[in-house]
Each structure stands twice: as structure tokens, then as C-alpha cells.
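User: I should like to learn how to read a protein model feature by feature. Could we proceed from the overall fold to individual residues?

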Amino acid sequence: MSLRVTDRRPDGYHLLDAEMVSLDLGDELLLAPGDGLVVEDEVIGGLGLGPIDPGPDNLVARALRSVDRRARAVLRKRIPAGAGLGGGSADAAAVLRWAGVRDVAVAARLGADVPFCLRGGRARVTGVGEQVEPLPLQPRTFLLLLPPLGVSTVACYRRWDELGGPEGPAGNDLEPAALSLEPRLAAWRDLLGELSGHEPRLAGSGSTWFAELPDETSAQHLVAEGNRVVTGPDGQPGLLVIARAADPEGRPVRAVVDPAG
């Protein structure tokens with residue numbers, strides 16, 4: 001929802017102050033006896049598989065090593081890599097939960113987003129991601145636009161430093177850096193603004209743009225059955241997705257209606 005970079009430590013890690021929210025959108029991870037990792041592309045339009053490494057540096061493989069477990073893993077990708085939606089971090093957190101590990105320190109060694117993904121729901125996240133303060137759940141609906149391009153998180157933070165640590169105009173300080181690295185993002189942002197009628201915000205380091213809508217009905221006329229392939233300004237396909245805020249179990253948060261009200 002928001003991402004402020006508050007400082008940079010001498011070791012190069014950045015300190016954050018962010019609001020993070022789970023969505024009812026995610027990959028599927030199957031674990032069975034054996035070894036190895038297979039990645040299957042289930043992103044609509046085939047937008048997700050390109051840059052995913054199934055080798056030892058994949059977050060699933062690293063998470064298994066971190067808990068000293070072996071498994072044959074089948075990862076069905078529904079969130080494109082480099083989208084800024086924490087798909088890989090959520091996959092790593094799923095491995096930790098499967099292994100019965102709830103240690104935030106173990107999660108933080110895998111990545112800044114993994115401690116939040118281990119808990120889920122809604123939270124304020126500070127430090128280098130290891131400080132997770134739960135916040136009340138809220139029913140929220142988002143329209144996501146996933147362009148056919150990715151942004152490296154490491155490169156985005158490096159560019160943020162090179163730009164002098166700018167403040168993002170819509171609550172995300174990494175937005176100027178992401179646009180500097182990948183100028184084509186601006187056209188996709190403008191497309192989502194035209195389609196939704198709301199100001200888009202960048203998710204994490206990108207490349208996904210999202211707009212928060214008043215309710216799910218507002219999004220249904222734009223996106224049939226939860227997703228829609230759209231043609232971007234450069235003629236390449238992008239993906240529109242309706243996503244809802246979710247609880248720690250991945251269930252959408254629904255508004256409570258008081259029949260007496």
C-alpha cells in the first residue's frame with residue numbers, strides 16, 4: 001500500500017516503513033518427498049515464466065535449505081516474477097510454514113518481504129522487513145495492471161540511492177527509481193488511470209500498478225471473471241486482475257453488514 005525508505009544502513013541495507021496487505025492472489029506450491037524444483041507458468045497470457053530460475057538460488061530452494069529440509073517442489077506461478085507483488089517471498093514463507101518454522105529471523109534472512117508473508121493479513125512493516133506490526137483487517141478491492149516487463153528489486157534500490165533518495169509522489173519512494181530504470185512503466189500507469197478513473201500506485205519496486213476501488217462491483221465491468229488481457233501502448237499484452245485484501249489464511253476480507261443498520 002505504501003513504502004517509505006527511511007534510511008540506509010552502513011551495510012547497504014535500506015530501512016523501511018511500509019503498509020503491506022495480503023491479496024487473494026498467489027502461486028500454488030506443491031511439496032512431496034524427493035528433490036528438485038519444477039516451475040510451471042500458469043499466469044494468464046504466459047506472462048510469468050521468463051526470468052524465473054528453478055535452480056538453487058530460487059527462493060523456494062533457499063527456504064528449504066534454511067530449514068534443513070528436502071522436498072520435490074512444483075511451483076505453479078500465477079504471479080509474474082519482477083511484478084513487485086511478493087510472489088517469491090510468499091512462496092518462501094509457504095515453505096517455512098510447511099516446515100513449522102515461524103521464526104522471523106529465519107524469514108528475514110531470505111528477504112525483506114518474507115517476514116510479512118509468513119504472518120500475512122495487514123501490517124506495518126519497519127526495519128529491514130523484520131519488524132511486523134499487525135493492523136486491523138479491512139475489506140478492500142484493487143484493480144491490478146501487470147505489464148509484460150519486470151523490475152529488479154536490487155537494481156531499483158541502487159537507482160534510488162543514485163537519484164539521491166527521492167520521495168515517491170503516491171506513497172512509494174521506489175516509484176521514481178523504477179520509472180528511471182524502466183521508462184515504459186509510465187505508459188502502463190497512464191493506461192490503468194484511464195481504465196479505472198483512479199490514480200495508480202506502484203506495487204513495491206514494480207512493475208505492477210494498482211488502483212484501489214470503492215468496491216468489487218466497480219471493477220467487474222472492467223474485468224470479466226477476475227482477469228483480462230489488455231494491449232498496452234507498445235502493442236504488448238498486459239494483464240488486468242481484480243484482487244481483494246485477504247486474511248492470513250488467504251481468504252478475502254468481507255465487509256460486515258449490520259442488518260439493524
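Analyst: The discussion below moves from the whole chain to one helix, then to backbone geometry and selected loop residues. Please keep in mind that this is a predicted model.

User: What secondary structure does the protein have, and what radius of gyration would a compact globule with 261 residues have?

Analyst: The protein contains eight helices and 12 strands. A compact globule of 261 residues would have a radius of gyration near 18 Å, and the value for the protein, 18 Å, agrees with that. Along the principal axes, the C-alpha atoms occupy a box of roughly 50 × 50 × 40 Å.

User: How much of the protein is buried, and what share of its exposed area do carbon and sulfur atoms supply?

Analyst: A residue is called buried when its relative accessible area is under 20%. By that criterion, 45% of the 261 residues are buried. The exposed area is about 12,600 Å², of which carbon and sulfur atoms supply 50%.

User: Which figures describe the contacts along the sequence and the charged side chains?

Analyst: For the contacts, one takes pairs of residues at least 6 apart in sequence; in this protein, 65% of such contacts join residues at least 24 apart. As for charge, there are 27 positive and 36 negative side chains, and the centres of these two sets lie 4 Å apart.

User: How does one read the burial pattern of a helix, and which residues of α5 are buried?

Analyst: The general idea is periodicity: an α-helix has 3.6 residues a turn, so residues three or four places apart point the same way. In helix α5, residues 153–162, the buried residues are Cys156, Tyr157 and Trp160. Viewed down the axis of α5, these buried residues fall within an arc of 95 degrees, so they line one face of the helix. On the other side of α5, Val154 and Glu162 are exposed.

User: What covers the buried residues of α5?

Analyst: The cover includes the strands β1 (2–8) and β2 (14–21), together with helix α6 (175–181).

User: Let us turn to the backbone. Where is the peptide bond that is cis, and in which loop does serine 207 lie?

Analyst: One reads this feature from omega. The peptide bond from glycine 206 to serine 207 is cis, with omega near 25 degrees. Serine 207 belongs to the loop between β9 (201–202) and β10 (209–213).

User: What is phi of aspartate 68, and is aspartate 68 buried or exposed?

Analyst: Here one reads the sign of phi together with the residue type. Phi of aspartate 68 is near 55 degrees, a positive value in a residue other than glycine. Aspartate 68 is placed in the loop between α1 (59–66) and β5 (72–77), and is exposed, with a relative accessible area of 70%.

User: How should a loop residue such as aspartate 27 be read, and which residues does aspartate 27 touch?

Analyst: One combines location, accessibility and contacts. Aspartate 27 sits in the loop between β2 and β3 (28–32). With a relative accessible area of 18%, aspartate 27 is buried. Its C-alpha atom is separated by 4.9 Å from that of arginine 78, 51 residues away along the chain. Not counting residues up to four places away in sequence, aspartate 27 touches Leu75, Arg76, Lys77, Arg78, Ile79, Gly87 and Asp91.

User: What do the same readings give for glycine 34 and glycine 197?

Analyst: Glycine 34, in the loop between β3 and β4 (37–41), is partly exposed at a relative accessible area of 32%. Leaving aside neighbours within four places in sequence, glycine 34 is in contact with Arg70, Ala71 and Arg72. Glycine 197 lies in the loop between α7 (185–196) and β9 and counts as exposed at 61% relative accessibility. From C-alpha to C-alpha, glycine 197 and leucine 213 are 9.2 Å apart in space, and they are 16 residues apart in sequence.

User: Finally, where does valine 253 lie, and which residues is it in contact with?

Analyst: Valine 253 lies in the segment after β12 (237–244), and is buried, with a relative accessible area of 16%. Valine 253 and aspartate 24 are 229 residues apart in sequence, yet 9.1 Å apart in space, C-alpha to C-alpha. Apart from neighbours within four places in sequence, valine 253 is in contact with Leu137, Gln138, Pro139, Ala245, Ala246 and Asp247.

Terms used. Residues are numbered from 1 along each chain as its sequence is written. This is a predicted model: local features need pLDDT of at least 70, side-chain atom pairs count only at pLDDT 80 or more; totals for chains, interfaces and linings use all residues. Side-chain values use heavy atoms; hydrogens and water are left out. Helices (H or I, at least four residues) and strands (E, at least two) are DSSP runs, numbered from the N terminus. The radius of gyration is taken over C-alpha atoms; the globule rule is 2.2 Å times the number of residues to the power 0.38. Buried means under 20% relative accessible area, exposed over 50%, partly exposed in between (1.4 Å probe, protein chains only). Contact means heavy atoms within 4.5 Å. Accessible areas come from the Shrake-Rupley method with a 1.4 Å probe; for residues, only the protein chains shown count as cover. Lys and Arg count as positive and Asp and Glu as negative; His and the chain ends are not counted. The place of a charge is taken as NZ of Lys, CZ of Arg, CG of Asp or CD of Glu. The arc is that of the directions from the helix axis to the C-beta atoms.
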